[in-house]
Amino acid sequence: MLGIGAYRPTRLVSNAEVCETLDSTDEWIFERSGIRNRRYISGDESARSMAVAAGERAIINSGIPREKIGAVLLSTLSWKTKIPQGAPSVAFDLGINGVAAVDLASGCSGFGYGLGIASDMVRSGSSEYVLLICVETLSVVLDPTDRNTAFIFGDGAGAVIVGPSEENGISPTVWGSDGENAEAIGQSYDIIEYMDRAQEHQALDPDTDPVNRMVVTMQGPRVFRWAAITLPKALATTLADSGVSVDDIEVFVPHQANARINELMKKNLGFGDHVAMANDIENTGNTSAASIPLAMEEMLATGKAKGGQTALLLGFGSGLTYAGQVVTLPPNPTITSL
């Protein structure tokens, strides 16, 4: 990874504000998730504008001429259309129209999946440099009264430039899926059902008719049980396949889903206090695909981590899927989102 960029929406939403609608408390939310605040888009901000801003910052921070970028990968679950997909539009906005551009839909594992694909593209010679952008606007698909999801998710974008180097800085990706438990994280109804119901209710007020809001759903206990069984194996395999030991890891950047889960993973891995661990969830919430690059950028921008350190990454979530790598952190960014 040769450069990193991020964009955080300007609107900061506290637990207290969430609880104006949700039947909960600031204390309950923080105790169970580690979240105090999250960011929501507002004004002219959108998934497209955030993706472009994060991508632009990654390009500038990398120092790579944009004409050398051969592909754009856009990892997102919350792009407003499936047709057209988002990546070509983002590439156009970044002034690199004409390159290969494709969307990835791997949810909270989206950065890991994208990083694996990008690094393989560079190694194979398909592209000399690849821009990977992860963006989510999950605030627009939340039910503000759902105690399972309303306080968890936020918006944001993170991006990295992946390219060749004298020493390998991205290990083989350890990834997998469990379709048997896929419905543990989903949406209120599928697109065809949504369109049919919308046509039947088109005379109703679009601001109050619930058919006009497709919302994310989650079976929290089911996801937690799956994570407890799957993630320790994924972490152990990631370390083994990368050829490094626990003692070699200097930074731990897990998906920012739950601070309690992350602390437990760090403890089970045997990481000492000298291993810095990302805690971007406290003030950013869970931004799905964007959470790992946002967390990396925050650590590098604030000095909690340094470019060149060895980091263990692990994303996990909808699908259900997971993806992990051991990486060399990109240089500390000059242009940050903080």
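The following legends describe close-up views of a predicted model.

**Figure 1. The second largest pocket and its lining.** This view shows the second largest pocket, which has a volume of about 240 Å³. Its lining consists of 16 residues, and those closest to the pocket centre are Gly163, Ser165, Glu167, Asn168 and Gly169. Sorted by class, the lining holds eight nonpolar, six polar and two charged residues. Helix α5, which spans residues 110-124, gives the most to this lining, with three residues. In general, empty space of this kind is revealed by rolling a probe the size of a water molecule over the atoms.

**Figure 2. Val122 in helix α5.** The residue in this view, Val122, belongs to helix α5. Val122 counts as buried because its relative accessibility is 16%, and the cut-off for a buried residue is under 20%. Val122 and Ala71 are 51 residues apart along the chain, and their C-alpha atoms are separated by 10.0 Å.

**Figure 3. The aromatic pair of Trp28 and Phe151.** The model contains three aromatic pairs. One of them is formed by Trp28 and Phe151, whose ring centres are 5.6 Å apart and whose planes meet at 85°, an edge-to-face arrangement. This pair links distant parts of the chain, for the two residues are 123 residues apart. Trp28 lies in helix α2 (residues 26-33), whereas Phe151 lies in the loop between β6 (129-137) and β7 (155-162). Trp28 is partly exposed, with a relative accessible area of 24%. Phe151, at 6% relative accessibility, is buried.

**Figure 4. Arginine side chains over aromatic rings.** Two arginine residues are presented here, each with its aromatic partner. The charged end of Arg147 sits over the ring of Trp28, at 4.5 Å from the ring centre. Trp28 is thus shown again, having appeared in the preceding figure as a partner of Phe151. In the other example, Arg36 lies over the face of Phe30, 3.7 Å from the centre of that ring.

**Figure 5. Two cis peptide bonds.** As a general rule, most peptide bonds are trans. Ile83 and Pro84, however, are joined by a cis peptide bond with omega of about 0°. Pro84 is located in the loop between β4 (69-75) and α4 (87-93). Another cis peptide bond joins Gly319 and Leu320, with omega of about -15°. Leu320 is found in the loop between β13 (310-317) and β14 (321-328).

**Figure 6. The backbone at Ser288.** Most residues other than glycine have a negative phi. Ser288, which is not glycine, has a positive phi, near 55°. Ser288 occupies a place in the loop between α9 (281-284) and α10 (291-302). With a relative accessible area of 3%, Ser288 is buried.

**Figure 7. Two domains listed in UniProt.** An unreviewed UniProt entry assigns residues 103-179 to the feature "domain: Beta-ketoacyl-[acyl-carrier-protein] synthase III N-terminal". In the model, the span of residues 103-179 is 19% helix and 30% strand, and its end C-alpha atoms lie 21 Å apart. The unreviewed entry also places the feature "domain: Beta-ketoacyl-[acyl-carrier-protein] synthase III C-terminal" at residues 239-328. The span of residues 239-328 is 34% helix and 24% strand, with end C-alpha atoms 14 Å apart.

Technical notes:
Residues are numbered from 1 along each chain as its sequence is written. This is a predicted model: local features need pLDDT of at least 70, side-chain atom pairs count only at pLDDT 80 or more; totals for chains, interfaces and linings use all residues. Side-chain values use heavy atoms; hydrogens and water are left out. On a 1 Å grid over the protein atoms alone, a cavity is a set of points where a 1.4 Å probe fits but cannot get out, and a pocket is an open set with protein on both sides within 12 Å along at least five of seven lines; lining residues have an atom within 4 Å of a point. Grid points are joined across faces, edges and corners, and a volume is the space filled by probe spheres set on the points. Helices (H or I, at least four residues) and strands (E, at least two) are DSSP runs, numbered from the N terminus. Ala, Val, Leu, Ile, Met, Phe, Trp, Tyr, Cys and Pro count as nonpolar, Asp, Glu, Lys and Arg as charged, and the others, Gly among them, as polar. UniProt positions are given in the numbering used here, feature names are shortened, and annotations may be inferred rather than shown by experiment. Rings of Phe, Tyr and Trp (its six-membered ring) pair if their centres lie within 6.5 Å; planes under 30 degrees apart count as stacked, over 60 as edge-to-face and the rest as tilted. Buried means under 20% relative accessible area, exposed over 50%, partly exposed in between (1.4 Å probe, protein chains only). A charge sits over a ring if NZ of Lys or CZ of Arg is within 6 Å of the ring centre and within 35 degrees of the ring normal.
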